[in-house]
Amino acid sequence: MTLKLYDTMARKKRPFEPANDKRVTMYVCGPTVYGYAHIGNARPVVVFDVLFRLLRHLYGEDQVVYARNVTDVDDKINQKAADEGVEIGVITERFFKAYLEDMDALGALRPTHQPRATDFIKEMVEAIADLITKGGAYEAEGHVLFDTQAAKDYGQLSGRSLDDMIAGARVEVAPYKRHAADFVLWKPSKPHEPRWPSPWGDGRPGWHSECSTMIEQVLGLPIDIHGGGIDLVFPHHENELAQATCAHHGGEFARFWMHNGFLDMDGTKMSKSLGNVIIPHELLQVVPGELVRWALLSAHYRQPLDWTESLLDQSRKALDRLYGALQDAAREVGTAKAGAEVGEKARDVEYALLDDLNTPKALSALFALSDDLRTAIAEGDKSAIAGARDDLVTAGALLGFLQKAPGEWFQGAAADGLKDQVEALLVQRAEARASKDWPTADRIRGELDALGVVVMDGPQGATWRLKAAGE
Ligand code: AMP
Ligand code: ZN
C-alpha cells in the first residue's frame, strides 16, 4: 500500500511521492508566541506529528526534514511587550519555552528545524527586493505591497477569484494599495516598535513573507508537504504561494498542501475573543498529555473536532482499556519496547494511516490488537501473549501511544508520597485478606477510596489507578 494524502490544491487524495526519497521535506506554520497556545493550536501539531512519524517509518528517520516556524515578530507580540514594559524577546522566549514544554507533553516529536522569523529578516528583505525587481511588488509610502494583479494564478489554492476576495475582505482598503487584494510584504515601524533596516526605511516584514522566505532558506524548493490549519488556506498560504511563484517564475513551491479542520468547543468556534479557550498549559496539570493526544486524534484530521468533557472521558476509557490489557500481559510476560517485528494484523494501524491519516480507523485497529491480547491472556499461552503485546506496543508507537509502563499510566499523576501510602495500604489489605479478616480489608479499601484511588483486583494481586475527574 502506498501513502495517499488529500491535497488542498488538487482538491482530492493523491498518491504521495516525494521529490527526493532521501530527503522528504515538510513545513508546518507554527505559533505566534505572545501567549499560551490553546488546544486548537495543538491540533495541527499533533496531526502533523503523526504524519512526521509515518514518513520517518516509511523513508527512514534521517530522511525526513520537518520545519515548523516560530513567528516572533508581530503586532500582538509588540502589544504584549508594551503592556508589560519589556523587550519583545522577553515575551517570545517565555511563550516559546512554554509551547515546547506543552507540545512535548502531548507526545509531539520536536521538528528538525524551528526557524525564528527574526533570524531571517535580512533574507526577507532580499526576497522582497527581488519581487520588486521582477515586477511582482511595489513600494508605496514606506510599505511594500504584493501586486496581486500581476500574479496570473492568484487564488489558485483557495479557489477564490479576486472579486470574491474584495467582497470577503471587509477591511478598509489602505489608500496606498493599487488593488484591494494586494497584501503587505514590508511595513514601517512606529517609533517605539521593533525595526530593521531596509531599502524602504526601517520597518518589519509581513507575516506571509516570513514563511515563504524561511521555507526556501531552511528547506529549499520545492518542498514536499506544506501544512497548517484550514484557516491558513486564505490568505496566508495563498500569499506565500503567490510570492514564491513570482520569485521563481512559476516554479513549484509545495507539492502537497494539507490542512487540518477546526477544533470547536461545545459546537462553537474556540477563540480567545469568545473566552471559550482551553489552554493545554493548564489542562496538562490535571490530565495526562497522552489522553489529550488521543482526544485530538479521535476524529479524522480534516473533519471538525468538537471538544467536550465527554470526549476526555471517552479518551481516558480508551487508554485505560489498552493499558489495562498491557498491564495484565506484563504480569505474565513482562513489558515490551516498541520496535519488535510485528504480525500482519499490527500493520492495520499503518494501513489506516496510509489512507490520508485515517486516525479513527487506526485507533480502532489498536482496540482489535488489545482484544487479541486479551484472548491470548485468557488462553494462557505465554508466547502468544508476548507476540500480541509487542504488536500492540509497536503499532501504538506509530501514533505516539502506549510507550509508558502500564503502571505509570494508571498512577502517573500521583505524587510520590501518595504512591508509598497506597502501596503500604495494599500490602496491609493483602495480609488482611490472606487471614480472612474481611472487616479490616474493607476498611482499608475505604481508606484507598478516600485517597482517590481505584483498586483493581486481578489473578496476580491488586493494582491501582487514580480516579478520573468526577468518578
Ligand atoms: P496561530 O498561532 O493562530 O497562527 O495558529 C497556529 C496554528 O493553529 C495554525 O496552523 C492554525 O491554523 C491552527 N489553529 C488555530 N486555531 C485552531 C482551531 N481552533 N482548530 C484547529 N487549528 C487551529
Ligand atoms: Zn506560514
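Arginine 389 sits in helix α13, which spans residues 382-399. In this predicted model, that arginine turns out to be buried, since its relative accessible area is just 10% and anything under 20% counts as buried. Leaving aside residues up to four places away in sequence, the neighbours that arginine 389 touches are Leu326, Ala329, Val333, Gly334, Thr335, Ala336 and Leu373. Some of that company comes from helix α10, whose run covers residues 309-333.

Stepping back to the whole chain, the secondary structure adds up to 16 helices and 15 strands. Measured out along the principal axes, so to speak, the C-alpha atoms fill a box of roughly 90 × 50 × 35 Å. Of the 471 residues in the chain, 51% are buried. Contacts between residues at least 6 apart in sequence lean towards distant partners: 74% of them join residues at least 24 apart.

Next comes the metal site. The zinc ion (ligand 2) takes its protein donors from Cys29 (SG), Cys211 (SG), His236 (NE2) and Glu240 (OE), at 2.0 to 2.6 Å. Read along the chain, these donors of the zinc ion (ligand 2) have the spacing C-x181-C-x24-H-x3-E. What do the angles say about the arrangement around the zinc ion (ligand 2)? The 4 donor atoms subtend angles of 72 to 133°, so the arrangement is irregular. The tetrahedral label would require all angles to lie between 85 and 135 degrees, and the 72° end of the range falls outside that window. For reference, the ideal angle for four tetrahedral donors is 109.5 degrees.

Two of the donors share a helix. Histidine 236 and glutamate 240 both belong to α7 (residues 233-247), and because they are 4 residues apart, about one helical turn separates them. Histidine 236 has 1% relative accessibility and therefore counts as buried. Glutamate 240, at 0% relative accessibility, counts as buried too.

The α7 helix also holds proline 235, which is joined to phenylalanine 234 by a cis peptide bond with omega of about 5°. Another cis peptide bond links leucine 221 to proline 222, here with omega of about -10°. Proline 222 is placed in the loop that runs between α6 (207-219) and β9 (223-229). As background, most peptide bonds are trans.

Helix packing offers a couple of crossings to look at. Packed helices are described in pairs by the angle between their axes and the distance between the axes. For helix α9 (residues 289-297) and helix α10 (residues 309-333), the axes come within 9 Å and cross at roughly 115°. The two helices, α9 and α10, are therefore roughly perpendicular to each other. The crossing in which α9 passes α10 is right-handed. On the α9 side, the contact is made by Glu290, Leu291, Trp294 and Ala295, while α10 supplies Leu311, Leu312, Ser315, Arg316, Ala318, Leu319, Leu322 and Tyr323.

The other pair is helix α2 (residues 75-84) with helix α3 (residues 88-105), whose axes come within 8 Å and cross at roughly 110°. That angle makes α2 roughly perpendicular to α3. Here Ile77, Asn78, Lys80, Ala81 and Glu84 from α2 meet Ile88, Ile91, Thr92, Arg94 and Phe95 from α3.

A few loop residues deserve a word. Aspartate 356 has a positive phi of about 50°, although it is not a glycine, and leucine 357 likewise has a positive phi of about 50° without being a glycine. Most residues other than glycine have a negative phi. Aspartate 356 is placed in the loop between α11 (347-354) and α12 (359-379), and leucine 357 is in the loop between α11 and α12 as well. Are these loop residues buried or exposed? Aspartate 356 is buried, with a relative accessible area of 1%, and leucine 357 is buried with 2%.

Aspartate 62 is another loop residue, found between α1 (39-59) and β4 (64-68). Its relative accessible area is 70%, so aspartate 62 is exposed. From C-alpha to C-alpha, aspartate 62 lies 22 Å from proline 44, with their positions 18 residues apart in sequence.

Technical notes:
Residues are numbered from 1 along each chain as its sequence is written. Chains are lettered from A and ligands numbered from 1 in the order in which they are written. This is a predicted model: local features need pLDDT of at least 70, side-chain atom pairs count only at pLDDT 80 or more; totals for chains, interfaces and linings use all residues. Side-chain values use heavy atoms; hydrogens and water are left out. Donors are N, O and S atoms within 2.8 Å of the metal (3.2 Å for Na, K and Ca); water is not among the atoms, so sites may look incomplete. Four donors count as tetrahedral if all angles lie between 85 and 135 degrees; four count as square planar and six as octahedral if opposite donors are over 155 degrees apart and all others between 65 and 115; anything else is irregular. Buried means under 20% relative accessible area, exposed over 50%, partly exposed in between (1.4 Å probe, protein chains only). Axes are lines fitted to C-alpha atoms, for helices over the stretch in contact, and angles run from 0 to 180 degrees between N-to-C directions. Angles under 35 degrees count as roughly parallel, over 145 as roughly antiparallel, 65 to 115 as roughly perpendicular and the rest as oblique. A crossing is left-handed if the near helix is turned anticlockwise from the far one by less than a right angle, and right-handed if clockwise. Contact means heavy atoms within 4.5 Å.
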